[in-house]
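Open the model in your viewer and keep the sequence panel in view. This tour tells you what to select at each stop and what you will find there.

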Amino acid sequence: MDEVIQVTQWLSSITPRKKAKLFFFTTHADAPSPMVGSNDVDTHEETQLPLATTVALHNFKNIDEFLKKKVNTFSCYNVIENEITKTDYEYLRFYSACKYLDVVPPFLGLEKISAIQNKFEMTDEERDYRLLLDSADLALEKVCDSLKPAGVSQMWTALRKDRNLIRGVKTIDIIGFFVDPNPTGIKECLVFFIVRFLQKADKINRVNTSRLERLIAQCDESSSCEEGKTIDFIIDSLRFYPTELYPFGFCLIMCVIEGRDGAMQEIEKTMEISRHLGMITHTDKNPTKETIELVKKELMEPKCQFYSSFPCWFMSHGDSNSMVLADGETIEREWFLTSFPDISTFQLKPKVFFMVSCRGANKFSLKGDEFEGQSATCDYYDIGSALIRNRMLDITDSVRDISYVQPMMDTLVAYSTILDHLSGRANTHGSIYVDRACVLIGENISRGRSLTEILEHLSQDLHEILQETMDEDRIVYKQACHYDSFFRKTLKLPYTRHPKEDVHSAPQ
């Protein structure tokens with residue numbers, strides 16, 4: 001059959017809603033910086049114009065033409081063996097989106113996909129199409145699915161009112177002020193236009209979504225949300241790191257075995273929990289500084305950009321500042337922690353470090369005859385239950401105690417800035433940190449949010465703000481706050497907002 005006819009038949013079999021989603025996933029906002037040709041990113045018009053005209057004309061002609069062009073490009077593409085190109089990246093994204101939406105063209109060259117995956121040096125586990133989907137786009141798709149056309153229309157009206165943001169943008173004018181997002185697929189096109197516009201304008205990214213949240217917050221809940229969804233629910237879905245689908249992340253396990261009894265059990269347990277969580281795992285037994293540097297280099301390979309998170313376990317002997325490696329050499333803990341987050345393939349993605357080693361020799365000792373012989377590490381039991389509980393310790397009531405508590409337990413220390421850095425102030429409002437903290441806490445009373453959730457949101461909010469020193473140099477800078485938590489339970493704000501007039505009133 002003629003290829004033109006095949007493409008036409010393929011497009012006619014796709015619903016308008018799926019066409020909008022396929023276009024959205026294919027026009028991924030973040031260019032793959034480690035790849036050849038990544039500086040040649042799609043222009044604003046190429047990604048926005050088809051969506052704008054579709055919304056304005058209620059006609060999918062331009063999106064159809066875009067998808068035809070993609071298919072034709074891939075059909076003629078010859079996979080070269082040496083360097084990874086932008087087309088390689090786009091081909092994998094297009095295939096994964098088609099697979100996810102169940103609209104894979106029957107004429108798409110699957111052998112080319114395998115050849116491209118070979119160039120990325122992907123393992124069998126990494127060839128799962130779900131790895132190639134962008135988790136941030138999937139989270140935004142869920143936001144779209146949770147909104148009714150009326151809600152999207154209200155978001156558009158709110159965006160149009162921000163004249164400083166939309167001034168001079170031709171595609172905004174193409175759509176116009178009033179839109180009808182009710183025809184099938186138009187709602188999706190308008191949501192995705194708003195998202196890509198905000199991304200191109202550098203207003204939102206994988207982590208910073210507050211500008212989009214504010215648009216959603218202006219919607220009328222009674223007419224905006226699909227059944228079972230609320231405005232709070234939709235906004236809350238943007239407050240999580242996007243880690244949709246498989247795999248959850250790339251888990252690195254480094255464990256010094258020499259001189260550490262039970263080290264192999266540590267590896268088995270961490271590997272087991274990693275698999276249970278749906279992670280792809282790399283294990284380095286008896287790491288040295290040389291192997292650590294090698295792993296860091298491997299994490300900068302192009303294929304790692306497809307992962308949505310990076311958990312790391314490091315298990316060894318150590319002291320207050322350093323950790324002991326397998327060859328007896330030591331590395332500074334601070335060096336290890338600061339060297340991995342700088343890897344470009346995991347920027348704007350959650351990185352979690354489980355640092356398992358001594359940090360000194362002091363002990364919080366419990367004295368008294370009643371504690372003699374009581375220890376959770378004396379005996380080892382095989383519980384025999386399935387999955388992750390296999391080969392775990394059986395912690396019985398006889399080795400539990402709640403009467404003696406470390407002084408730092410149940411404490412959270414929040415800092416307005418990081419070590420050796422400024423804490424900004426405004427001439428009229430004082431501390432920027434105090435101001436933003438009070439605003440966010442006030443907004444979240446009665447919403448049942450935890451304090452740590454608010455502090456994380458505060459960290460995002462504060463770090464978006466450009467500040468200026470008050471001296472003669474007038475240096476512009478950003479501020480980063482953080483906290484150390486020793487919580488054993490989640491602390492939620494009260495559900496009741498006290499009226500202002502009652503706050504300082506005398507007891508009756």
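The stops below go from the whole protein to single helices and then to single residues.

**The whole protein**

Begin with everything selected, and keep in mind that this is a predicted model. The protein has 508 residues, and 41% of them are buried. Its secondary structure amounts to 21 helices and 12 strands. Now think about contacts between residues at least 6 apart in sequence: 73% of these join residues at least 24 apart.

**The nonpolar cores**

Select L159 and L212. These two residues have the most contacts inside the largest nonpolar core, which holds 93 residues. Next, colour residues 186-200, the run that forms helix α12. This helix supplies the largest share of the core, namely 10 residues.

Which residues does L212 touch, if those up to four places away in sequence are not counted? Show the side chains of L140, M155, I194, V195, L198, I204 and L238, and you have the list. Another core lies apart from the largest one. It has 12 residues, and you can find it by selecting I432, L451, L462 and L493, which are among them.

**Two crossing helices**

Go back to L212 and select helix α13, residues 210-217, together with helix α9, residues 149-160. The two axes come within 8 Å, and they cross at roughly 115 degrees. The crossing of α9 past α13 is right-handed.

Show side chains where the two helices meet. From α9, the contact uses M155, A158 and L159. From α13, it uses L212, L215 and I216. How many of these residues are nonpolar, polar or charged? Six are nonpolar, while none is polar and none is charged.

Stay on α13 and pick I216, which belongs to this helix. Is I216 buried or exposed? Its relative accessible area is 0%, so I216 is buried. Beyond its neighbours within four places in sequence, I216 is in contact with V143, M155, I231, I234, I235 and L238. Add G151 to the selection and look at the C-alpha atoms: those of I216 and G151 are 7.9 Å apart, although the two residues are separated by 65 residues along the chain.

**Helix α1**

Move to residues 3-12, which form helix α1, and highlight its buried residues V7, W10 and L11. Turn the view to look down the axis of α1. The buried residues fall within an arc of 95 degrees, so they line one face of the helix. To see what they pack against, show α2 (16-26), α4 and α5.

**Helix α6**

Now select helix α6, residues 110-119. Which of its residues are buried? They are K112, I113, I116, Q117 and K119. These residues cover an arc of only 150 degrees around the axis, and therefore they sit on the same side of α6. The cover over them includes α4 (61-76), α5 (86-101) and α7 (129-132).

Step to E121, which follows α6. The phi of E121 is positive, near 55 degrees.

**Two loop residues**

Select D102, in the loop between α5 and α6. D102 is not a glycine, yet its phi is positive, at about 60 degrees. Its relative accessibility is 66%, so D102 counts as exposed.

Then find L348, in the loop between α18 (333-339) and β6 (351-356). L348 also has a positive phi, here of about 65 degrees, and it is not a glycine. L348 is described as partly exposed because its relative accessible area is 39%, and partly exposed covers values from 20% to 50%.

**A strand residue**

The last stop is V324, in strand β4, residues 322-324. With a relative accessibility of 28%, V324 is classed as partly exposed. Show the residues in contact with V324, leaving out its neighbours within four places in sequence: V256, S316, H317, G318, E329 and T330. Finally, select S357 as well. S357 and V324 lie 33 residues apart along the chain, and 9.0 Å separates their C-alpha atoms.

Note on methods
Residues numbered from 1 in each chain as written. Predicted model: local features only at pLDDT ≥ 70, side-chain atom pairs only at ≥ 80, totals over all residues. Heavy atoms only, no water. Core = buried A, V, L, I, M, F, W, Y, C linked by side-chain atoms within 4.5 Å. Buried < 20%, exposed > 50% of the residue type's maximum accessible area, 1.4 Å probe, protein only. Helix = DSSP H or I, 4+ residues; strand = E, 2+ residues; numbered from the N terminus. Contact = heavy atoms within 4.5 Å. Axes fitted to C-alpha atoms, helices over the stretch in contact; angles between N-to-C directions. Left-handed = near helix turned anticlockwise from the far one by under 90°. Nonpolar A, V, L, I, M, F, W, Y, C, P; charged D, E, K, R; others polar. Arc of directions from axis to C-beta.
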